[in-house]
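User: I would like to go through a protein model in questions and answers. Please keep the replies brisk.

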Amino acid sequence: MATQAKKTQVSMKVNGVEVDGLVEPRTLLVHFIRENLQLTGTHIGCETTHCGACTVDIDGLSVKSCTMFAVQADGSEITTIEGIANADGTLSALQEGFRQMHGLQCGFCTPGMITRAHRLLQENPDPTEEEIRFGIAGNLCRCTGYQNIVRAIQYAAAKINGTEFQEAAE
Amino acid sequence: MIPGHFTYHRPASMADAIKLLSDLGEEARPLAGGHSLIPMMKLRLATPEHLIDLHAVEGLKGIRQEGDNIVIGAMTTQHELLASDVIASSLPILRETALLIADPQVRYRGTIGGNVANGDPGNDMPALMMTLGATYRLEGPDGVREEAAGDFYQGAYFTSLEPGEILTAVSVPAQPPGHGYAYEKLKRKIGDYATAAAAVVLTMSGGKVATCSIGLTNLSETPLLAEDAARAVIGTVLDDASLKRAAEAAITIMSPAGDGRGPVEYRKHVGGIMVERALKRAAARAA
Ligand code: FES
Ligand code: FES
């Protein structure tokens, strides 16, 4: 086994800001984001590609940043939870939805849920409940039972589309 | 969970990738979507000294029709398969199967080439490729060769890829209009590997099965083609007795591991049920 690998320079655009850093090839993107960039909103849950807490948006795709090396993200554009709020600092429709609909309890899964839902709504601005559930299947929540997360995303979709949020009949 | 040290290579051409892979030898691995390899590296079950990332190699992505075949570049992601009109119309079973693989984040990164080349018995595409009669394009230091999916798998994580070779495309015969298809996958939870799964493509004529092919996932060290099971239904109207015969014939070739997905007997039993369900659903779809 190679004992030491040379560090490589990487640069990328994170939440609209050009950043760079020196990483070992084996540095996972999530560690680069949390430790080098000090953006600790992106969480590490399982480290095994299951939970989705580490989800970020890379070049328009939701990616589990624990399952990609930072060197692979060289040159890419990344949005983390810190880049989700509106430009004026107010809550985005999704963030507002999670707050209004109680889409979180402990909050550990929330950054991943919101960044994933952000991409889901870009691809499918008016998803059905089933499409939402299928679309967030890569994100686990141990608290909410998902009901309120689904509602939060429905709330955001309605707000973005300018339609009225319909509380699903119980 | 941090992988061991390795040197990262990002060649821009196939020639460079093959040269690197053959020069660096056993300690080098190609990196596609990384959603099998990186988790294995974190567990130190894989400790390559060199990773050859294929993302910058030209020409490894895309889906195109070539004569009667659909040719899919190895670096095409599951997400791109799902977005393709060609796949939806000519190979709908690929779409059905891709939707059952892992979760959205994994499908954005996971590639068809990685799925079929890794030799993981839990992967869904290999049995499907055997069922569809696909061939793989393998490029290496000695040139290009085509290998039938059915000859490719030799054991768990053991394939006929030669040192220095990279799987660069899969070529799948377009299925005739009116064919029936189904991929039935039993899994413990969304995103899981199959406890048992069966792929069926068939054509019907005058209410009877005219042609049929059946593949099995995660029921042996390699994907399986259940030829006797397919023969058991050809010429029948898929009555209960022939469905039973097909399931029994399929069960005789299964040798699943007893693991967290269930004991051997259970996995064979549900494997038979997957075969019956896939046959019925495929027939119902056939014109
Ligand atoms: S920490 Fe990445 S998927 Fe759980
Ligand atoms: S709110 Fe606690 S894990 Fe989702």
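The turns below go from the domains of each chain to the interface of the two chains.

User: What kind of model is this?
Analyst: Residues are numbered from 1 along each chain as its sequence is written, while chains are lettered from A and ligands numbered from 1 in the order in which they are written. Side-chain values use heavy atoms, with hydrogens and water left out, and local features need pLDDT of at least 70, side-chain atom pairs count only at pLDDT 80 or more, and totals for chains, interfaces and linings use all residues, since the model is predicted.

User: Where does the assignment place domain 3 of chain B?
Analyst: Domain bounds come from an automatic or database domain assignment. For chain B it gives domain 1 as 7-52 and domain 2 as 63-173. Domain 3 of chain B is 183-285.

User: How many residues does domain 2 of chain B bring to its contact with domain 1 of chain B?
Analyst: The C-alpha centres of domain 1 and domain 2 of chain B are 19 Å apart. Contact means heavy atoms within 4.5 Å. Domain 1 of chain B brings 10 residues. Domain 2 of chain B brings 12 residues.

User: What share of the area buried between domain 1 and domain 2 of chain B comes from carbon and sulfur atoms?
Analyst: Buried area is the accessible area (1.4 Å probe) that two parts lose on being put together, summed over both. Here it is about 1,000 Å². On the side of domain 1 of chain B, B:M14, B:I18 and B:H35 lose the most, together 40% of what that side buries. The share from carbon and sulfur atoms is 72%.

User: Which helix gives the most to the side of domain 1 of chain B that touches domain 2 of chain B?
Analyst: Between these domains there are zero salt bridges (a side-chain nitrogen of Lys or Arg within 4 Å of a carboxyl oxygen of Asp or Glu). Helices (H or I, at least four residues) and strands (E, at least two) are DSSP runs, numbered from the N terminus. Five residues on this side come from one helix, residues 14-24 of chain B. That helix is α1.

User: Why is the pair of B:Y136 and B:Y153 edge-to-face?
Analyst: Rings of Phe, Tyr and Trp (its six-membered ring) pair if their centres lie within 6.5 Å; planes under 30 degrees apart count as stacked, over 60 as edge-to-face and the rest as tilted. The structure holds five aromatic pairs over all chains. In this pair the ring centres are 6.2 Å apart, and the pair is edge-to-face because the planes stand at 85°.

User: How many residues apart in sequence are the parts that B:Y136 and B:Y153 tie together?
Analyst: B:Y136 lies in strand β6 (residues 135-140) of chain B. B:Y153 lies in strand β8 (residues 153-155) of chain B. So the pair ties together parts whose separation in sequence is 17 residues.

User: Which side chains meet in a salt bridge between domain 1 and domain 2 of chain A?
Analyst: Chain A is divided into domain 1 (8-83) and domain 2 (93-161). Their C-alpha centres lie 21 Å apart, and they bury about 1,200 Å² between them. The count between them is one salt bridge. At 2.9 Å, N to O, the side chains that meet are A:D57 and A:R119.

User: How much area do chain B and chain A bury between them?
Analyst: The contact takes 32 residues of chain B and 34 residues of chain A. In chain B, B:H5, B:Q105 and B:Y108 lose the most area to chain A, together 27% of what that side buries. Carbon and sulfur atoms hold 62% of the buried area. The total is about 2,900 Å².

User: Which residue of chain A meets B:D103 in a salt bridge?
Analyst: The rule finds one salt bridge across the interface of chain B and chain A. Its side chains meet at 2.7 Å, N to O. The partner of B:D103 is A:K64.

User: Which element gives the most to the side of chain B that touches chain A?
Analyst: α2 (37-42), β3 (50-53) and α6 (104-109) of chain B each supply at least two residues of this side. One of them gives six residues. The element that gives the most is α6(B).
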